[in-house]
Amino acid sequence: MDPRLAAKLRILADAAKYDASCASSGAPKRSGGAKGLGSTSGMGICHAYTPDGRCVSLLKILLTNWCLYDCAYCVNRRSSNTPRARFSVEEVVTLTLEFYKRNYIEGLFLSSGVAKSPDATMEDLLRVARTLRRDHGFAGYIHLKAIPEASPWLVEQAGRWADRLSINLELPSEASLKTLAPEKSAPAIAGAMDQMRERIDEAKAEKLRFAPAGQSTQVIVGADATTDEGVLRASARLYGSYRLRRVYYSAFSPIPEPSSVLPVKPPPLRRENRLYQADWLLRFYGFSVDEIAAGGEGGMLDLDADPKLAWALKHRAAFPVDINRAPREMLLRIPGLGVKAVNRAIAARRHTRLRLADLARLTPSLKRALPFIVAADHRAPGLDRLDLRRHLVKPPEQLTLFP
Amino acid sequence: MIHVALHDGADLDGFRAAVRRLIAAGARPEEVVFASGSLFAAAPETDAPAVMLPRRVADLVRLVTCHRDPERYALLYALIWRMHSGEKHLLDVASDPLVYRLQRLAKSVRRDLHKMHAFVRFRRIETPDGERFIAWFEPENFILEATADFFITRFRSMDWAILTPIGRMRWDRTRLSYGPPASRDEAPVADPFEDGWRGYYESTFNPARVNLAATRAEMPKKYWKNLPEAAAIPEMIRNAPARVKEMIQREATRPAHRKPEKALAAMADQTPNSLDALNRIIASAPPMVEGGTRAVLGEGPLGAAIAFVGEQPGDQEDLAGRPFVGPAGQVFDKALEKAGIDRAGVYVTNAVKHFKYVQRGKRRLHQRPTAGEVKHYRWWLKAELDFVGPRVIVAMGATAVLALTGKALPVTSNRGETRFDNRAGYITVHPSHLLRLPDEAAKRREWDAFVADMRRIREIA
């Protein structure tokens, strides 16, 4: 590979890595056929994992990290002294195709700094996607970042080539956005999300192709003072009003070239983890934001206990739950039981009375569930113990940045 | 004891035939011994009747036969025997020890398949017939054949081969062939894009978040030796603490005082500032409907008192590149003339800027745009009308009404004066409606009504 291209790739991959999303799922089943290249199957594939445990599924790069915006949390803001580079459309196309042919990636996740104007940037992003699809018959996954300030007709076109579109909310409140990202506007972001939701719904009804894998967003946690409850309320609104597929939480991470308006210390990584767990409870377990918040203190989630356990410990009157009789929505509230385990338990109990040994084969985390359940040979011991929490929650370990 | 000899690897056909024979003979699981890797494996033919099994069992069998566990056939036969003897719902009982064991085997095969899809790395070589891609991979179970469909579908246009210790497969763009076990030295040792890939892998890693346990859970170490990027891991981990310390200890750098006033002002001012600029954008954008060879732009003076909005250009309009010049356009012109409106003084445009059609022989058949397509174009229509600034906007036909109101309102019951956003509006039929009427009386009546609409529009403009 041309060393100059390789050098640019390092800069523009480094500049893109603070975006947490790397999912390649949700695209319809399709393939490039005899002339084209690539396929999608609905399920994404992670082709590698970096030593931070994160999956590498898509070639995640910026078209350029030159940017006119000055968002304090971003390493690419215009006042940062970070090294800059810019790909041509053809270079991104070549990298995507050659990486794909070697089975390194599922496709492309392309974003960009706003270089000349939002429209000019969006047009460049579009050109990459269009060239891949139309000129090379590329059927792999394409995730484009939509520039919310770009003209609506450009966002419309992007959805025709991309599997997924995303606009990063970045900060959960309008006030924080104003201080930390002066060139961005909350109404512009909301407007573009709304436009995309409408188009995605209509395209589905008319069986047209428009961002079939939906839209997602990212919220940075710990760069401003918003509580976990505030973040989750913002997410619930995004899932409800704009039918987002995913909200990604990214614990604000120290960046090279930090800005002086940012907190010096990053939030504990566990906070991000707890937010993801809470997000899951919102989407798949029938919890409301109020219920999740009630498990914590002062709007913050319990860092030592997962949010479901935290809720259960404070709502012991709702337990014990009889594995052999309780309705699905109550089984979902049992700490340690996931959706899969619950489904299996419901299927199995039609034919047999479940005992503890049976349950141990349905879930790997039975220990956490024990105090909250009734089974054929078991009756929730110690639900009224004062030290139940200490019994179930691991003592907090010193979280360190240097493992 | 009944001995069943099966081929090495995943002998699905042999096992299926054996099951038919065993069930027909009423052989209980504890009387059967399966021996894999036998030189004397029986041919899979049998006269025994087929055994009907639910699809889920067939899927489970297909997966589990790929596993390396020597007990796999015996476990599968025990399951089939029990289901055949009355426990029809056995697979639903995931807590049953046998089902649990088999599901775990299936899960590990599924994971192995998934990891092979993910971790095969092709290297490119040049041959006289063009480029070829070759990979060396070491799967845990007998899954080579089971991954063939995935790689063919994904890389159908490439000439590729995957070499493994349990066999090899080659796709030559049209045919798949299998071959004997391979050794690592048969595969190429380098690829021109590998350095770039490793560079990408290193750069996308965030040293502030090292979590090797998570990495190894998903990318177990046994795969590392065949992943070119994994060679970089030890050094990435070694350097991470120093890199983070540097980031944290470094004082917030004095920002370069970049405030390029002019560029920022230019950035904020990107909306087209004239109808011509907007038209250039419309003309250069790809059509958002099927067909559509070119954009047919609106026509008429800026500041016209009346703007007429039709549906979309037709065959003639597409050829001429001008709106309302086909048969419907002629009806429209006649009605304007009758009502005393000068066409040169009004603005005429369409809700959808491209001709949507399907080709039937030599004819291009008009297709009505869908609601989604109409909305795709509404931004342009809105911007266009803002530049023209008419006193009255006339929506001709349902598509124009949809574009201007965002709602699918019936034309007949809403015909007449209305408002579109903050402008006076008028809803009437599309002139092509007059061309489609079956009898003369209706034609006469509708023509009079259309001309009456035009007269009314002239009055309110």
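How many helices and how many strands are there in chain B? Chain B has 17 helices and 14 strands, where helices (H or I, at least four residues) and strands (E, at least two) are DSSP runs numbered from the N terminus. The radius of gyration of chain B, taken over C-alpha atoms, is 36 Å, well over the 23 Å that the globule rule (2.2 Å times the number of residues to the power 0.38) gives for 461 residues, so chain B is more spread out than a compact globule.

This is a predicted model, in which local features need pLDDT of at least 70 and side-chain atom pairs count only at pLDDT 80 or more, while totals for chains, interfaces and linings use all residues; side-chain values use heavy atoms, with hydrogens and water left out. Residues are numbered from 1 along each chain as its sequence is written, and chains are lettered from A and ligands numbered from 1 in the order in which they are written.

**Chain B**

Taken along the principal axes, the C-alpha atoms of chain B fill a box of roughly 105 × 75 × 55 Å. Of its 461 residues, 49% are buried, a term that stands for under 20% relative accessible area, with exposed being over 50% and partly exposed in between (1.4 Å probe, protein chains only). Contact means heavy atoms within 4.5 Å, and among the contacts in chain B between residues at least 6 apart in sequence, 71% join residues at least 24 apart.

Helix α13 of chain B (residues 371-388) has end C-alpha atoms 25 Å apart, which agrees with the 26 Å that its 18 residues should span at 1.5 Å a residue, the expected span being 1.5 Å times one less than the number of residues. This helix, α13(B), is mostly covered, as 13 of its 18 residues are buried, and just after α13(B), B:Gly389 takes a positive phi of about 65°.

B:Ile341 is found in the loop between α12 (327-339) and β9 (347-350) of chain B and, at 10% relative accessibility, counts as buried. Leaving aside neighbours within four places in sequence, B:Ile341 is in contact with B:Ile306, B:Leu336, B:Val346, B:Met454 and B:Arg458. The C-alpha atoms of B:Ile341 and B:Met454 are separated by 8.0 Å, although these residues are 113 residues apart along the chain.

**Chain A**

Helix α7 of chain A (residues 228-241) has 14 residues and reaches 20 Å from its first C-alpha to its last, close to the 20 Å expected at 1.5 Å a residue. Its buried residues are A:Asp228, A:Val231, A:Leu232, A:Ala234, A:Ser235, A:Leu238 and A:Tyr239. They cover an arc of only 155° around the axis (from the directions of the helix axis to the C-beta atoms), which puts them on the same side of α7(A). What covers these buried residues includes α6 (186-205), β9 (215-221), β10 (246-251), α8 (269-284) and α9 (289-294) of chain A.

Most residues other than glycine have a negative phi, and most peptide bonds are trans. The table lists residues of chain A with a positive phi.

| Residue | Phi | Place |
|---|---|---|
| A:Glu170 | near 65° | loop between β8 (164-166) and α5 (174-180) |
| A:Ala211 | near 35° | loop between α6 and β9 |
| A:Arg243 | about 45° | just after α7(A) |

A:Glu170 is buried, with a relative accessible area of 10%, and A:Ala211 counts as buried at 0% relative accessibility. The peptide bond from A:Phe319 to A:Pro320 is cis, with omega near 0°, and A:Pro320 has its place in the loop between α10 (307-314) and β11 (321-322) of chain A.
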